[in-house]
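Below are some notes for a colleague who has the sequence and the coordinates at hand. They are arranged as numbered points, moving from the overall make-up to individual helices and residues.

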Amino acid sequence: MPVNDSLVTDASAQSDRRSFAPPDTPSDDDALKVVPVRRTGQWFAAGVVVLLLVMAGNSVVRNEAFQWDVVGDYFTTTAVLRGLGLTLWLTVVVMLLGFALGTLLAVCRLSSNRILQGVSWGYVWLFRSMPILVQLLFWFNIGALYPQLGLGIPFGPEFFTVKTVNLLGPVSIAIIGLTLHEAAYAAEVVRGGILSVDRGQWEAAQSLGLGGLRRLRRIVLPQAMRAIVPPAGNMLIGTLKGTSIVSVIAVQDLLYSVQLVYHRTYQVIPLLLVATIWYIVVTSVLGVGQHYIERHYARGTAGAR
């Protein structure tokens with residue numbers, strides 16, 4: 001019997017639709033579940049570290065040899081606070097003078113004058129090569145080389161003279177030695193910060209008719225501070241701790257003050273803990289200040305946080 005053409009056409013169209021029909025959308029129950037990686041090793045290592053820290057803290061707190069009651073008795077005594085005050089004062093003076101001299105040395109190193117470059121390089125080379133203890137002992141015995149200092153006309157008469165032992169006391173020697181030492185490192189820190197500023201900033205400032213000193217003070221140094229502040233903060237903390245070395249020349253800083261006490265009472269460990277805790281407290285405060293200063297100079301950059 002004859003077949004209707006319209007029926008054949010509809011059947012083939014339905015077959016084509018079934019062959020090209022999209023697959024059924026999976027339900028929520030059939031969706032893939034993401035399982036986080038089990039970091040068993042990391043958690044085990046973290047647990048071991050926490051356990052060791054707890055054990056160490058327990059041994060420190062419960063060990064009677066530390067004599068925490070003695071630490072509490074001497075922590076805020078007049079002698080210790082006086083030594084702490086001298087330590088902070090030395091740190092501030094040395095950092096200010098050291099960075100002032102270091103900035104001058106950095107500018108000389110970057111100048112086009114060969115003599116200034118050579119003098120700056122020689123200064124940095126010499127004082128970075130000498131240990132700070134050797135420098136302090138050298139300045140402490142400067143009177144053996146120059147018993148007296150005078151001012152006058154070269155190869156002519158002197159207007160006045162003064163004995164070195166009357167001019168340089170222990171505190172003055174500590175300031176001179178530490179400042180000369182810090183200036184060598186500060187010069188490299190400042191030089192690195194200046195070199196981090198794009199050369200186009202110098203050229204743009206020069207095109208505006210700004211003088212060399214004004215370009216450095218108003219344009220270059222504010223931008224260089226982003227690179228200067230982090231190492232300068234480390235230097236500040238290092239200087240604070242480094243002032244303890246002046247105890248060898250009888251400067252009554254924090255360490256020397258606690259040494260005077262335990263030489264009398266023979267309570268060495270608790271007095272050393274007093275000095276250690278004060279150093280930790282002050283360096284922690286300085287670290288917080290450094291963080292906010294870095295954030296101030298990093299405004300507008302990707303590193304600001």
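1. Of the 305 residues of the protein, 29% count as buried, and this figure, like every other value in the note, should be read as computed from a predicted model.

2. The secondary structure consists of 12 helices and two strands. Read from the N terminus, the order of the elements is α-α-α-α-α-α-β-β-α-α-α-α-α-α, so that six helices precede the two strands and six follow them, as the definition of elements as runs numbered from the N terminus allows one to read off.

3. Two helix pairs that share α11 deserve to be looked at together. Helix α4, which spans residues 78-110, and α11 have axes that come within 7 Å and cross at roughly 160 degrees. Because angles over 145 degrees count as roughly antiparallel, α4 is described as roughly antiparallel to α11. The handedness of this crossing, in which α4 passes α11, is right-handed.

4. The second pair joins α11, residues 254-265, to helix α12, residues 268-297, and here the axes come within 9 Å and cross at roughly 160 degrees. That angle makes α11 roughly antiparallel to α12, and α11 passes α12 in a crossing that is right-handed.

5. On the surface, which residues make the nonpolar patch of about 520 Å²? The patch is made by Phe44, Val48, Leu51, Leu52 and Met55. Of its members, Phe44 is found in helix α2, which covers residues 40-62. With a relative accessible area of 61%, Phe44 is classed as exposed, because the cut-off for that class is over 50%.

6. Two residues call for a check of their backbone angles. Gln67 has a positive phi of about 55 degrees although it is not a glycine, and Gln67 is found in the loop between α2 and α3, the latter helix being residues 68-74. At 28% relative accessibility, Gln67 counts as partly exposed, since this value falls between the limits of 20% for buried and 50% for exposed.

7. Ala250 is likewise a residue other than glycine with a positive phi, in this case near 65 degrees. Ala250 lies in the loop between α10, residues 212-242, and α11, the helix that takes part in the crossings with α4 and with α12. The relative accessibility of Ala250 is 41%, so Ala250 counts as partly exposed.

Key. Residues numbered from 1 in each chain as written. Predicted model: local features only at pLDDT ≥ 70, side-chain atom pairs only at ≥ 80, totals over all residues. Heavy atoms only, no water. Patch = residues over 30% accessible without salt bridge, like charges linked within 9 Å, V, L, I, M, F, W, Y side chains within 5 Å. Areas by Shrake-Rupley, 256 points an atom, 1.4 Å probe, with all protein chains shown as cover. Salt bridge = Lys/Arg side-chain N within 4 Å of Asp/Glu carboxyl O. Helix = DSSP H or I, 4+ residues; strand = E, 2+ residues; numbered from the N terminus. Buried < 20%, exposed > 50% of the residue type's maximum accessible area, 1.4 Å probe, protein only. Axes fitted to C-alpha atoms, helices over the stretch in contact; angles between N-to-C directions. Parallel < 35°, antiparallel > 145°, perpendicular 65-115°, else oblique. Left-handed = near helix turned anticlockwise from the far one by under 90°.
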